[in-house]
Amino acid sequence: MTETALVQHARGVMGLVNGLGAAPRGVIADSVRVSWERCVNDYRLDPARPHAPQVVDGNNLKDLQARHEELVDIARAEMDTLYDQISGSGYALLLTDANGIILSEKVDPTLTRMFRGAGLVVGADWSEQTEGTNGIGTCIAEGRSVMIHRADHFRARHTALSCSGSPIRDPDGEMIAVLDASVVGSHDTRTSQMHTMALVNTSARLIEKCLFLRRSQPYRILRFHSRPEFVNLLHDAALALAEDGTVVAADDMAVALLTANTRRSLIGSLVTDLFDIGEAELRQLEATRQALFPVRDLRAGRRFFVSLVPPQTQTHLIATQTPRRSISAPAPEPVRITPIERPATMNLAELAGDDPAMLRNIRSASRVADSPVPILIQGPTGSGKEAFAKALHLASRRAAQPFVAVNCAAIPESLIESELFGYKAGAFTGARREGSKGRILQASGGTLFLDEIGDMPLNLQTRLLRVLEEQEVVPLGGDTAIKVDLRILSASHRPLREMIHRGEFREDLYYRLNGITLELPALRERADIERLIRRFIAMETERERPVAIDGEAFARLIAYPWPGNIRELRNVIRTALAICEDDVIRREDLPSELRNGTIEQLSAAATPPSAASSTIAEAPVAIAPSGPALPTPPPGTTPLNPLEEAECKAILQAVEQNRWNMTMTARALGMSRNTLYRKLNRYSIPVGDKRHDKLSRH
Ligand SMILES: Nc1ncnc2c1ncn2[C@@H]1O[C@H](COP(=O)(O)OP(=O)(O)OP(=O)(O)O)[C@@H](O)[C@H]1O
């Protein structure tokens with residue numbers, strides 16, 4: 001901001017507070033005006049006065065962090081998830097205590113300097129009393145979520161910031177922290193900041209939930225939701241119960257679902273007065289741990305599903321991670337499998353199985369299940385993107401409305417427009433006489449799933465964007481717009497971000513579709529492949545009696561890299577079941593690519609998990625025995641600056657230490673796999689070397 005702009009901002013603030021002038025820019029919300037008044041009248045701050053950030057000293061900071069260790073620990077995992085969702089957008093995620101002191105942060109390492117310059121550092125005091133109106137301090141002062149966008153800030157020097165802060169409360173309802181996402185110098189509009197605000201709010205609620213569950217460990221915890229698939233996920237409602245069934249704590253979701261006024265109004269009630277459940281049933285539920293039981297809310301009559309977690313010493317928050325499979329130990333005995341009925345559609349929990357990445361996806365998705373936040377599903381072909389989209393639709397309030405899937409890659413380019421937007425009678429030669437409604441209109445009220453969105457031609461991307469922004473569609477040959485109400489889910493196996501850089505995909509459409517991104521893992525990366533194989537055999541067999549798979553065939557299915565993912569696995573199993581003799585699947589029932597060679601050769605043939613998220617340069621890389629040497633940049637690319645060189649070295653080192661396992665490398669570097677692949681691409685580090693891939697699989 002120029003000197004003049006700074007002075008103008010300060011003058012505008014003072015003018016408004018003193019009732020003399022107009023707001024500095026646009027319309028200022030009442031809550032911002034009230035905050036500015038607090039800054040001037042109560043804290044005696046001057047918006048123009050230069051002011052160094054107030055940072056607590058190292059020892060005091062350590063004390064503060066130690067005092068909030070449990071909170072910081074819980075928040076870290078959630079901040080990692082949120083960061084993955086908004087990484088690449090230049091945000092700093094900040095956790096502060098109830099006084100606005102930053103306790104921890106999650107920042108893109110390349111932007112650290114910029115955030116430091118803006119005063120967003122661990123230990124800094126962002127209370128309203130010190131920094132004036134801002135996302136953290138004003139959230140604390142108002143006791144609610146706030147978005148402070150650019151010129152809403154009181155101090156002129158903060159007007160490059162956009163901040164979204166959400167309060168975090170302890171199980172007693174006391175505000176103990178703020179979670180904030182801030183960006184410097186972004187030209188995003190206030191409206192596009194709303195997405196970030198919604199995600200920050202959800203993360204703050206989830207941190208509260210984890211804290212609630214951890215602090216309620218000495219009690220029985222009753223968890224409930226109207227949708228059975230949400231029970232025992234972080235999105236459900238929870239009541240902590242004393243031995244005799246008295247509610248000793250309730251979370252906000254319980255307050256909302258039971259339409260109570262406050263947490264306090266639930267505390268002291270007997271659970272048997274809230275639901276039509278008796279003590280005997282509670283005991284039975286406690287013994288079966290996590291089994292679901294249908295109940296009715298005795299006051300409002302709503303139906304819920306409940307589970308009961310017994311008192312425990314270890315937190316039981318979310319599904320535990322399954323250890324990675326070992327491919328070196330084939331099952332020696334044939335595995336017998338009892339047939340099960342094939343469900344018409346699978347729900348989210350069934351699709352996720354026991355895979356941690358999939359479970360994380362469900363957690364992310366369940367936060368926005370009933371909101372209009374659009375979801376972009378990325379994953380390699382056949383990994384289950386459409387199945388996941390359908391399950392998301394069925395888990396939302398729109399479940400009874402249409403789910404309309406459009407595969408942008410399958411429709412000829414010349415027909416996409418009429419297929420999507422519909423047309424009036426006689427709109428073009430060859431059009432049906434009665435016209436066509438179009439897929440967008442068909443989906444109105446329900447969900448529109450845009451599959452292979454990366455294949456949509458650029459000119460139609462522009463039209464689609466307009467439909468999404470205005471929520472109305474004009475059919476071809478028509479002149480009146482028709483209002484639509486759409487939930488948008490989209491999917492792509494192509495790297496959309498790279499397509500944006502190449503000018504093949506509109507950036508504004510990308511952000512409009514990508515409220516959150518879910519990455520579906522390739523089948524070879526799933527931790528629950530053995531369970532999936534068993535389940536497919538059980539589902540696909542048409543026999544009534546059990547079937548079996550012998551150890552050798554089973555080991556081959558586990559070792560094979562599955563370039564076609566779940567779809568390929570299903571087809572291989574269908575064929576094997578059709579041709580196998582004596583109801584036992586053996587090696588000879590498998591296709592040649594799985595049948596030939598040793599098991600080690602099969603697994604060594606694995607291709608890198610790059611197809612979904614990135615196109616990685618194939619240039620060879622030289623790795624010196626003493627440590628990683630930097631790859632030679634391909635001709636025509638800009639040489640690396642010293643900072644990039646250091647980052648490239650650190651990534652190479654981490655990649656080697658983690659034996660080219662990209663998931664572990666990303667975790668070690670504290671970045672998402674997507675970001676890692678982007679950086680590998682940027683630094684021309686190839687991941688296609690089969691030797692490395694083989695190493696990563698053991
Ligand atoms: N977790 C799962 N368990 C069982 N079956 C699954 C699972 N995920 C997907 N499937 C099945 O695998 C097949 C492929 O899934 P789907 O069509 O959803 O993949 P996709 O990623 O959308 O594929 P593409 O990229 O080719 O469009 C479908 O028959 C689907 O029902």
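This is a short walk through the structure shown above, from the whole chain down to single strands and the ligand.

Before we start, note that this is a predicted model, in which local features need pLDDT of at least 70, side-chain atom pairs count only at pLDDT 80 or more, and totals for chains, interfaces and linings use all residues. Residues are numbered from 1 along each chain as its sequence is written.

Let us begin with the whole protein chain. Its secondary structure comes to 28 helices and 22 strands; helices (H or I, at least four residues) and strands (E, at least two) are DSSP runs, numbered from the N terminus. Of the 698 residues in the protein chain, 42% are buried. Here a residue is buried if 20 or more other C-beta atoms lie within 10 Å of its own, exposed if 12 or fewer, and partly exposed in between, with C-beta atoms placed from the backbone. Among the contacts in the chain with a separation of 6 or more, 67% are between residues 24 or more positions apart; two residues are in contact if their C-beta atoms, placed from the backbone, lie within 7 Å.

Now look for an open sheet of five strands, which follow the order β2-β1-β5-β4-β3 with antiparallel pairing. Its edge strands are β2 (102–107) and β3 (146–149), each of which pairs on one side only. Two strands pair if DSSP finds at least two bridges between them.

Strand β1 (residues 91–97) is a good place to pause. Seven of its seven residues are buried, and both faces are covered: Tyr91, Leu93, Leu95 and Asp97 lie on one side, with Ala92, Leu94 and Thr96 on the other. Seven antiparallel bridges join β1 to strand β5 (residues 175–184), and Asp97 stands opposite Ala177 there. β1 also pairs with β2 in the antiparallel sense, over five bridges, with Ala92 opposite Val107. In the hairpin of β1 and β2, four residues lie between the strands, and Gly100 takes a positive phi near 85°. At the β3 edge, four antiparallel bridges link β3 to strand β4 (residues 161–169), where Gly165 is the bridge partner of Val146.

Further along the chain, strand β17 (residues 487–492) has six of its six residues buried. Arg487, Leu489 and Ala491 cover one side, while Ile488, Ser490 and Ser492 are on the other. Strand β12 (residues 375–378) pairs with β17 in the parallel sense over four bridges, and the bridge partner of Ile375 is Leu489. Strand β14 (residues 447–451) pairs with β17 in the parallel sense over four bridges, and Leu450 stands opposite Ser490.

A helix can be covered too. Helix α21 (residues 551–559) has seven of its nine residues buried, so it is largely enclosed by the rest of the structure. Among those buried residues are Phe554, Arg556 and Leu557.

Finally, turn to the ligand. It is surrounded by 15 residues, the closest being Thr381, Gly384, Lys385, Glu386 and Ala387; a residue is near a molecule or strand if its C-beta atom, placed from the backbone, lies within 6 Å of it. Helices α14 (385–394) and α22 (565–579) are the elements that give two or more residues to this shell. Domain 3 (356–519) and domain 4 (524–604) both give residues to the shell, so the ligand lies between them; the domain bounds come from an automatic or database domain assignment.
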